[in-house]
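Student: Please take a close look at the salt bridges in this model, and then set them within the chain as a whole.

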Amino acid sequence: MLSDALSFPRGGDDWLSTLLVGGILTVLSFLILPAFVLQGYLVRVLDHAARGEHTPPSFTQWGSLLVDGLKMFVVNLVYGLVVLIPLALLLGGLFIVVPGEPVPMEPGATPSPPSGGAGGLVVLVLLVVVVAVTGLLLAYLLPAALANFAIEGNLGAAFALRTIASGAFTGDYAVAWLLALVVGIVGGLVGSALSAVVVGFFVLFYVQVILYYLVGRGFAAGLSKKRWAEP
């Protein structure tokens, strides 16, 4: 799977022009609109990988790319709220547990007990655990949700939790996710280091295509085997 992923961006006759356009869009991502187009292209990468294509998609039908990129943004936003809500509770808990500045007292007045206390600390620890577990689970399931969205071609598929879980909790997807994690870390470091000489942006685009290929292929393979095994 890894060797196929590494060579996937170089498949086809127009891979150089695709790499050039993708790198330019990566450079211009700060303008927001190119970022949405780039995300839409990565949706196509997920779809191509899931269908077993050996060549990357080309930058065609730009309006469709933009729409798919906006849909991907919505999916990321909705799933991000799953972590944002407990994180907000965690930050609110800090104000309760962490004591503030001492309040001046009148002579002879009885000091009030500190706010929060042990109970508040326990709640804070639980919230930390919830945020950590939720964040890790989201990092694992969100790529699967995006893959299902790309395969089915509709936004609702990104929230079909039963189907997403069926494909995500498989050996194929787990291996693909771990490979994507390693490639993302190594490739991200290399691309970031080379960004000062512009070529790094093209490396980052190349790495992104590899990552989305791995996720799309792993999810589709896992989901296919799970459905085949079902009576």
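Tutor: A search of the whole structure, which is a predicted model, finds four salt bridges. Side chains of opposite charge can pair when their charged atoms come close. One of these pairs is formed by the side chains of Arg217 and Asp4, with a nitrogen-to-oxygen distance of 2.6 Å. This pair links distant parts of the chain, since Arg217 belongs to helix 8 (residues 199-229) whereas Asp4 belongs to helix 1 (residues 2-7), and the two are 213 residues apart. Neither partner counts as buried: Arg217 is partly exposed because its relative accessibility is 27%, and Asp4, at 31% relative accessibility, is likewise partly exposed.

Two further salt bridges involve Arg51. The side chain of Arg51 meets that of Asp47 at 3.1 Å, nitrogen to oxygen, and it also meets the side chain of Glu53, at 3.0 Å between nitrogen and oxygen. Through these shared partners, Asp47, Arg51 and Glu53 are joined into one network. Glu53 has a relative accessibility of 28%, so this residue counts as partly exposed.

It helps to consider helix 3 alongside this network. Helix 3 takes in residues 33-50, and because its 18 residues, at 1.5 Å a residue, should span 26 Å, the 26 Å between its end C-alpha atoms agrees with expectation. The helix is mostly covered, with 14 of its 18 residues buried. Just after helix 3, Gly52 adopts a positive phi of about 80°.

Another site to set beside the charged pairs is Thr170, which sits in the loop between helix 6 (161-168) and helix 7 (171-194). Thr170 counts as buried because its relative accessible area is 13%, under the 20% limit for that class. Its side chain reaches the backbone nitrogen of Tyr173 at 3.4 Å. Leaving aside residues up to four places away in sequence, Thr170 touches Tyr140, Gly222 and Lys226.

For the wider frame, the chain holds eight helices and zero strands, so that reading from the N terminus gives the order α-α-α-α-α-α-α-α. Among contacts between residues at least 6 apart in sequence, 77% join residues at least 24 apart, and the pairing of Arg217 with Asp4 described above, across 213 residues, also links distant parts of the chain. Of the 231 residues, 38% are buried, while the accessible surface comes to about 12,800 Å², with 74% of it belonging to carbon and sulfur atoms.

Finally, the record can be laid over the model. In an unreviewed entry, UniProt lists residues 15-38, 73-98, 118-142, 163-187 and 193-215 under "transmembrane region". Two of these spans can be compared with the coordinates: residues 15-38 are 79% helix and 0% strand, with end C-alpha atoms 15 Å apart, whereas residues 193-215 are 83% helix and 0% strand, with end C-alpha atoms 25 Å apart.

Technical notes: Residues numbered from 1 in each chain as written. Predicted model: local features only at pLDDT ≥ 70, side-chain atom pairs only at ≥ 80, totals over all residues. Heavy atoms only, no water. UniProt positions renumbered as here; feature names shortened; annotations may be inferred. Helix = DSSP H or I, 4+ residues; strand = E, 2+ residues; numbered from the N terminus. Buried < 20%, exposed > 50% of the residue type's maximum accessible area, 1.4 Å probe, protein only. Contact = heavy atoms within 4.5 Å. Areas by Shrake-Rupley, 256 points an atom, 1.4 Å probe, with all protein chains shown as cover. Expected span 1.5 Å × (residues − 1). Polar contact = N/O pair within 3.5 Å; in protein donor to acceptor, adjacent residues only side chain to side chain.
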